[in-house]
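Work through the exercises below with the model open. Each task is followed by a stepwise solution.

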Amino acid sequence: MSSRMGCLLDGLSRGYDVLGFGRAAGGDAVFRDLVLARIIEPVSKLDSLRVLEEAGVAPASYATLKRRLPAYAKDTWRQQISAACAAHAGLGPASLVLYDVSTLYFETDEGDGFRESGFSKERRLEPQITIGLLTGADGFPLMVSAFEGNKAETRTMLPVIESFMAARQLPDVTVVADAGMVSESNQKQIEAAGLSFILGARIPYVPYLVAQWRREHPGEDIPDGQVFTQPWPAGPNGGRRDQVIYYQYKADRARRSLRGIDEQVRKAGQAVAGKTPVKRNRFVRLSGGTRKVNRELEEKARALAGLKGYVTNLRACPDGTPVTAEFVIGAYHQLFQVEKSFRMSKHDLQARPIYHRTRDSIEAHLTIVFAALAVSRWIEHQTGWSIRKFVKTARRYRTIEIQAGDHVITVADPLPDDLRQALDAINDPTVRTK
């Protein structure tokens, strides 16, 4: 008699095959098992053998697993998995791609050239690595790259995108990224590379169009959702395309910003009065031995509350229609999808390489997590469930095979309607395996 988590294993395997990972990995059963185990229960590579046995899979030996891991660290292996993801996403010229970075820290005190201390998303001091993630507009992962922990975030985006485009032979994509990903110098590099982009724009001062509106409407609040459009022609020797900057005002954004400003100014006043220690506060101005509240900066911050900028050099939308403020702003706000993918990889898939020390081992681990993330996003798209809900629900129902003489009797737990519907969506015959 044998028992397996039939519903769960078959569902995850279906996603793995639909995405074309079986072919991309050359039929490597160890890689497939590690990807599925990472989704079922993210543990160490050694403990993943226990997870597979509990699920009803006969795993490879630990010696075989360790022997296969170096192959998964190779760039060629990750490129094959990335190519399968890109083929599934059906990317074409000027397709939207989202880019963001995160950091993964290590419980050690000393760096080694790869694991190094740097700006931490989690405000930690330990050595870390920087992870750059490229996704489609829906958050489906396309490529992951690891960088030294002290590498500036702004210097990671262009290498990832150019590598991805070269491998996929894409003439252009439309890059969507937050303002924090782009410095003035690498925006010029992005432009020099001929890429289309939609970027968050820093607003160092009140835009002329906004100031003009306020002059013409004294005492009035800017209408919620108002968009100001500022063309920015390239000029004869600009070396770039024409650009457009959109400034959008949102009342709720202004309310939250003003509440934060009020709190910071209150704390600045207490620090200036000597009632509290001087801490990091942008509204405290130190000059010689005196302290005072920076009222000019406060006025500027209040004037900018509620405004957000978006800059693009798109000549047309990917479908050929004219570019609109609604399209640009909507595309930028899709960045929550790449943030969701990072959350899934960090929490559901436990991406932090706790048990890995060498770069090759870390790279292999990230390749497995990347493939697991792609399968998880596909399962979520098909079912409408979170991957956590699908795993938690499906793993309860087992398939039992009983050998009776020359016959094998298969017995399965009855499935609830919602799980059956989810499995029907996963096994939809119109979705073909690649």
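**Exercise 1.** Which helix gives the most to the lining of the largest pocket, and with how many residues?

*Solution.* Note at the outset that this is a predicted model.
- Step 1. Find the space: the largest pocket holds about 630 Å³.
- Step 2. Find its centre. The lining has 25 residues, and Gln-187, Ala-201, Arg-202, Trp-232 and Ile-245 are the closest to the centre.
- Step 3. List the elements that give two or more residues to this lining: helix 8 (184–192), strand 6 (196–201), strand 7 (227–232) and strand 8 (243–249).
- Step 4. Pick the top contributor. Helix 8 gives the most, with four residues.
- Step 5. Sort the lining by class: 13 residues are nonpolar, seven polar and five charged.

**Exercise 2.** Describe the lining of the second largest pocket by position, element and class.

*Solution.*
- Step 1. The second largest pocket encloses about 280 Å³.
- Step 2. Its lining counts 14 residues, with His-88, Ala-89, Asp-138, Phe-140 and His-381 closest to the centre.
- Step 3. Two or more residues each come from helix 6 (75–89), strand 2 (95–105) and helix 14 (359–383).
- Step 4. Helix 14 supplies the largest share, four residues.
- Step 5. The classes are six nonpolar, six polar and two charged.

**Exercise 3.** Is Ser-44 buried or exposed? Locate the residue and trace its side chain.

*Solution.*
- Step 1. Ser-44 sits in the loop between helix 3 (29–40) and helix 4 (45–55).
- Step 2. Apply the cut-off: buried means under 20% relative accessible area. Ser-44 has 17%, so the residue is buried.
- Step 3. Follow the side chain. Ser-44 reaches the backbone nitrogen of Asp-47 at 3.1 Å.
- Step 4. Compare sequence with space. Ser-44 and Lys-346 are 302 residues apart in sequence, and their C-alpha atoms are 15 Å apart.

**Exercise 4.** Which backbone atoms does the side chain of Asn-313 reach? Place the residue and list its contacts.

*Solution.*
- Step 1. Asn-313 lies in the loop between strand 11 (307–312) and helix 12 (325–333).
- Step 2. Its relative accessibility is 3%, so Asn-313 counts as buried.
- Step 3. Take the oxygen partner. A polar atom of the Asn-313 side chain lies 3.0 Å from the backbone oxygen of Leu-195.
- Step 4. Take the nitrogen partner. The side chain of Asn-313 reaches the backbone nitrogen of Phe-197 at 2.8 Å.
- Step 5. Widen to contacts, leaving out residues up to four places away in sequence. Asn-313 touches Leu-195, Ser-196, Phe-197, Arg-241, Asp-242 and Gln-243.

Conventions:
Residues numbered from 1 in each chain as written. Predicted model: local features only at pLDDT ≥ 70, side-chain atom pairs only at ≥ 80, totals over all residues. Heavy atoms only, no water. 1 Å grid on protein atoms, 1.4 Å probe; cavity = no way out; pocket = protein on both sides within 12 Å on 5 of 7 lines; lining within 4 Å. Points joined across faces, edges and corners; volume = space filled by probe spheres on them. Nonpolar A, V, L, I, M, F, W, Y, C, P; charged D, E, K, R; others polar. Buried < 20%, exposed > 50% of the residue type's maximum accessible area, 1.4 Å probe, protein only. Polar contact = N/O pair within 3.5 Å; in protein donor to acceptor, adjacent residues only side chain to side chain. Contact = heavy atoms within 4.5 Å.
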